[in-house]
Amino acid sequence: MKILRLMLPLMLVLLAGCATHRTPADQRQAYVAEDTSRTVDLTHPPRDMWDRIRRGFSIPNLRSERVDYWTDYYASHPQSVLLMSQRAGKYLYYIVDELNRRGLPTELALLPFVESAYNPNALSRSQASGLWQFIPSTGLHYKLQQDWWRDQRRDPVASTQAALDYLSYLYDFQGDWYLALASYNWGEGAVKRAMDKAVNNDKQPIYAQLDMPDETRNYVPKLQAIKNIIARPDKYGITLPNVSNSPYFTTVHKSRDMDIAVAAALAEMPIEDFRALNPAYNRPVILAKHNPALHLPLDKVDVFNDNLRTYTGQLSSWQVMQPTRGQSLAAIAKSYGISLDQLRQANNLQSRQTRATSAALLIPVAAEDQAGIRLASYSPDGESRAPVSRRQPRRLLRRPPTPAPPSGHAPRVWPRRPASARIPSARATPCILWRDATTPR
């Protein structure tokens, strides 16, 4: 008993020493959650979209030399960051709202910065397209229509739904957001094989330990770099544009064929602004049989509908014909009373092409058939103004003040799941590859 009493203090000293022992910094995991898991004040609504995004950060922060490199790179190109942020302003509310609805981390709203520089018309060498850079086969797998008339990979609503479906599947498959993001870039099958290879080489099957191509190895560090800048723009000398925490656009459906130029004029928008919200359409006419979804700024919906009700002209100046494969283009042009050059220009055909190869051709209606088309327009105060030609739309009006935004959402911390809880490999969706134009190889 006396021996036990003498040894008890010694044991307490040893246990205290073990409790205070710390792992050296260079042996810690390459990513930690200490800057992501923080107290969020939900008693006040977010100031703007950037504040709302920050409140939803819940992916552990990655710390590495590559992250430092890309953070410095973006910080040294403030104009590029500003341009990307300005493009993002049209789409951020919709994307973040969907992320909140699904309970996903808001870091994913920054992924198009890396994927496409937030350009809905971006097209990579591997034919990946749109904000989220779907390659054709993956887009079809997620029900994004791609044909002669439209490419829904470029549609900001349809592609966002598909991207979030895909990312949710990848997280369930991998159980770790870094591995899920690597899979989005490289393909889940490739990442799974890299994880198996790491295990065979007595390494941990985590993102930092995987043997990956440079494109994928830089992918998550780029996203972390953008996150660092959005989290603390003042620290890096970056000015972010004002993006209100309120919807920018809404969607309307129409049941008649309509020229893109006419739709833009009815909404009293410059055609480039209209196309920025509706980039999916490949042709100058939108077909009713596709049940088209037109995305319009909130303050333009009533303008569009009022002008449409009073519009007396034809909504489409194009006729669709189905040629026989191999039919002479010159004969088709002659039968419709237009020149061969007009037919080629209307259908983006090369000058050396002489035979029809597509299932449809657009035939422009003669100019005299469209003469006198005018639309009635109304000022915000209700006083009527002179009719406006559909060929000369007015500039976009400034948006009216919006009501106070709703409160933010408490962030969710996404833990790494144990290997036993992960979903076994069911399929390998083709990888999605893109290097944005603002970054070097």
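In this predicted model, helix α5 (residues 92-102) packs against α8 at an angle of about 35°, the two axes lying 11 Å apart. The crossing of α5 and α8 is right-handed. On the α5 side, the contact is made by Tyr94, Ile95, Glu98, Leu99, Arg101 and Arg102, which meet Pro156, Val157, Thr160, Gln161, Leu164, Asp165 and Ser168 of α8. By character, the residues of this contact divide into six nonpolar, three polar and four charged.

Helix α8 (156-174) also takes part in a second packing arrangement, since the buried residues of α10 pack against α8 and α9 (177-186). Those buried residues of α10 are Glu188, Gly189, Ala190, Val191, Ala194, Met195 and Ala198. The geometry of α10 itself (residues 188-200) is easy to check: at 1.5 Å a residue, its 13 residues should span 18 Å, and the end C-alpha atoms are indeed 18 Å apart. After α10 comes Asp202, with a positive phi near 60°.

Turning to the aromatic side chains, the count comes to 14 aromatic pairs. One of them joins Trp70 and Tyr73 in an edge-to-face arrangement, with 5.5 Å centre to centre and 75° between the planes. Because Trp70 and Tyr73 are three residues apart in helix α3 (residues 65-75), about one helical turn separates them. Trp70 is buried at 4% relative accessible area, and Tyr73, at 14%, counts as buried too. Ring pairs link these two residues with Tyr69 and Tyr74 into a cluster.

Another pair, Phe134 and Tyr142, is tilted, at 6.5 Å centre to centre and 45° between the planes. Phe134 is buried, with a relative accessible area of 0%, while Tyr142 counts as buried at 14%.

Conventions. Residues numbered from 1 in each chain as written. Predicted model: local features only at pLDDT ≥ 70, side-chain atom pairs only at ≥ 80, totals over all residues. Heavy atoms only, no water. Helix = DSSP H or I, 4+ residues; strand = E, 2+ residues; numbered from the N terminus. Expected span 1.5 Å × (residues − 1). Buried < 20%, exposed > 50% of the residue type's maximum accessible area, 1.4 Å probe, protein only. Contact = heavy atoms within 4.5 Å. Axes fitted to C-alpha atoms, helices over the stretch in contact; angles between N-to-C directions. Left-handed = near helix turned anticlockwise from the far one by under 90°. Nonpolar A, V, L, I, M, F, W, Y, C, P; charged D, E, K, R; others polar. Phe/Tyr/Trp six-rings, centres within 6.5 Å; stacked < 30°, edge-to-face > 60°.
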